[in-house]
Amino acid sequence: MGTIQMVDLHRQYSRLKAEIDAAMQEVVESTAFINGPQVGAFASHLAEYMHVPHVVPCGNGTDALLVALMSLGLKPGDEVIVPSFSYVAAAEMVALLGLIPVWLDVDERTFNLNPWQIESAVSPKTRAIIVVHLFGQCCDMEEVCKIAEQNHLFVIEDNAQSLGAEVIYSDGNRLKAGTIGQIGTTSFFPSKPLACFGDGGALMTSDDWLSTRIKMVANHGQQVKYQHKIVGVNSRLDTLQAAVLNAKLPHLEEFAASRRKVARRYDEAFGNDERWTIPYQAPYSTHVYHQYTLQVAGNRRDDLQQYLKSKGIPSMVYYPIPLHKQPAFYGFSRNGSSLNVSEHLVTSVLSLPIHTEMTDDEIDYLIETVCSYGK
């Protein structure tokens, strides 16, 4: 058994080497490194997979959030609701544009934004909600969109960690995460569910006008070269990265199935132990297990992490500080709800290795080691 990794990119590449190398070599030989045909092909293939009319590739997932906010025409001083228990990117882009982050708490079982607290957070200045589909599972989009519509709010879906997951509606209908709000965003960072070999991202929408606007914002505010109708940015997906993503996209469902298999083994092993709580599977979402995150009881999270490290098992704390306590946002954000759940989770969550290439020996060793903790 080799060294256990949080994500084993090398083994995944080795398995898909022939397909990926051929795709990259085609780009090298064409020398069409910027906006080569592979970029448009990937956008088309991802749109088909997502069942959405428009996909606009961009430089990375953070750029995708920036472009989304700029495309909606929000003005400095407008408020945007964001979860406090999350990565910084969404709130960072809100602040960068002079908008006001309004912190909302998350559901203690799913780690996703709690829709039942949205209405109490809305003020006359509130214009949008950024929903982060965290760790591979979707937020309750049926409820979020109902409340957003009642309050005339835009919905942006940050789908960087949950590409391929589906929202299950009360009538049985299913939609891909990232295709439900006005704009969806995603990242192709190397550890993400669909990953390239560097930075990459995309936006998706069903709105024709927004699609045109997104393309303009991402391309210096222009539709015609040198004619800049709005202020934009320069954010594009490299052709080499598009080639990698084109090669890997047909395997996305297989990747999710592999992680679900590992998650089932973990659930069976850890599910009846009072020392921790396993991830909750919401009835309104499928789960692609970008992370497998335990909640460790009794203030023993850090001790468990050190124990695993001593046994050669990596783990990660996502996230150690809630965003409403980050100094970067002091003085120009506000709390939209009690944030007790977020403040508790940062002291109790621990993510275990889960990826597409885990072997039975690695899973067995990890399970045996976790279960032996404290005994």
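What follows is a walk through the fold, the aromatic pairs, a few helices and the backbone oddities of this chain. The model is a predicted one.

Starting with the overall picture, the chain is built from 12 helices and 15 strands. Its radius of gyration is 21 Å, close to the 21 Å that the globule rule gives for 375 residues, so the chain is as compact as a globular protein of that length. Boxed along the principal axes, the C-alpha atoms take up roughly 70 × 55 × 45 Å. Of the 375 residues, 55% are buried. Sequence-distant partners show up a lot in the contact list: counting contacts between residues at least 6 apart in sequence, 74% join residues at least 24 apart. As for the outside, the accessible surface adds up to about 16100 Å², and carbon and sulfur atoms account for 51% of that. On the charge side, there are 30 positive and 41 negative charges, and the mean positions of the two sets sit 3 Å apart.

Next come the aromatics. Searching the whole structure turns up 16 aromatic pairs. One of them joins phenylalanine 135 and tyrosine 319, whose ring centres are 6.4 Å apart with planes at 20°, so this pair is stacked. Phenylalanine 135 belongs to the loop between strand E4 (126-132) and helix H6 (141-150), while tyrosine 319 belongs to the loop between helix H10 (301-310) and strand E14 (334-335), so the pair ties together parts that are 184 residues apart in sequence. Both partners are tucked away: phenylalanine 135 is buried at 3% relative accessibility, and tyrosine 319 is buried with a relative accessible area of 10%. A contrasting geometry appears for phenylalanine 270 and tryptophan 276, where the centres are 6.0 Å apart and the planes stand at 75°, so that pair is edge-to-face. Phenylalanine 270 has a relative accessible area of 0% and is buried; tryptophan 276, at 3% relative accessibility, also counts as buried. The stacked pair does not stand alone, either, as ring pairs link Phe135 and Tyr319 with Phe85, Tyr87, Phe111 and Tyr318 into a cluster.

Tyrosine 319 comes up again in the backbone. The peptide bond leading from tyrosine 318 to tyrosine 319 is cis, with omega near 15°. Both tyrosines of that bond are members of the aromatic cluster, and tyrosine 319 itself is placed in the loop between H10 and E14. For context, most residues other than glycine have a negative phi, and most peptide bonds are trans. Two non-glycine residues with positive phi are worth a look. Histidine 220 has a phi of about 60° and lies in the loop between H7 and strand E10 (222-224). With 37% relative accessibility, histidine 220 counts as partly exposed. Asparagine 299 has a positive phi of about 55°, and its place is the loop between strand E13 (292-296) and H10. Asparagine 299 counts as exposed, at 76% relative accessibility.

Among the helices, H8 (residues 239-248) is a good one to look at. Of its 10 residues, 9 are buried, so H8 is largely enclosed by the rest of the structure. The buried residues of H8 are Thr239, Gln241, Ala242, Ala243, Val244, Leu245, Asn246, Ala247 and Lys248. Their cover includes helix H1 (9-30), helix H2 (37-50) and helix H9 (252-270). Alanine 18 is part of helix H1. The C-alpha atom of alanine 18 is 9.7 Å from that of alanine 247, although 229 residues separate the two along the chain. Alanine 247 is one of the buried residues of H8, whereas alanine 18 counts as exposed, at 63% relative accessibility.

Two more buried helix residues round things off. Serine 211 is found in helix H7 (residues 208-218) and, at 2% relative accessibility, counts as buried. Setting aside neighbours within four places in sequence, serine 211 is in contact with His54, Val56 and Thr205. Threonine 369 sits in helix H12 (residues 360-372) and is buried, with a relative accessible area of 4%. With neighbours within four places in sequence again left out, threonine 369 is in contact with Tyr307, Leu308, Lys311 and Ile313.

Note on methods
Residues numbered from 1 in each chain as written. Predicted model: local features only at pLDDT ≥ 70, side-chain atom pairs only at ≥ 80, totals over all residues. Heavy atoms only, no water. Helix = DSSP H or I, 4+ residues; strand = E, 2+ residues; numbered from the N terminus. Rg over C-alpha atoms; globule rule 2.2 N^0.38 Å. Buried < 20%, exposed > 50% of the residue type's maximum accessible area, 1.4 Å probe, protein only. Contact = heavy atoms within 4.5 Å. Areas by Shrake-Rupley, 256 points an atom, 1.4 Å probe, with all protein chains shown as cover. Lys, Arg positive; Asp, Glu negative; His and termini not counted. Charge placed at Lys NZ, Arg CZ, Asp CG, Glu CD. Phe/Tyr/Trp six-rings, centres within 6.5 Å; stacked < 30°, edge-to-face > 60°.
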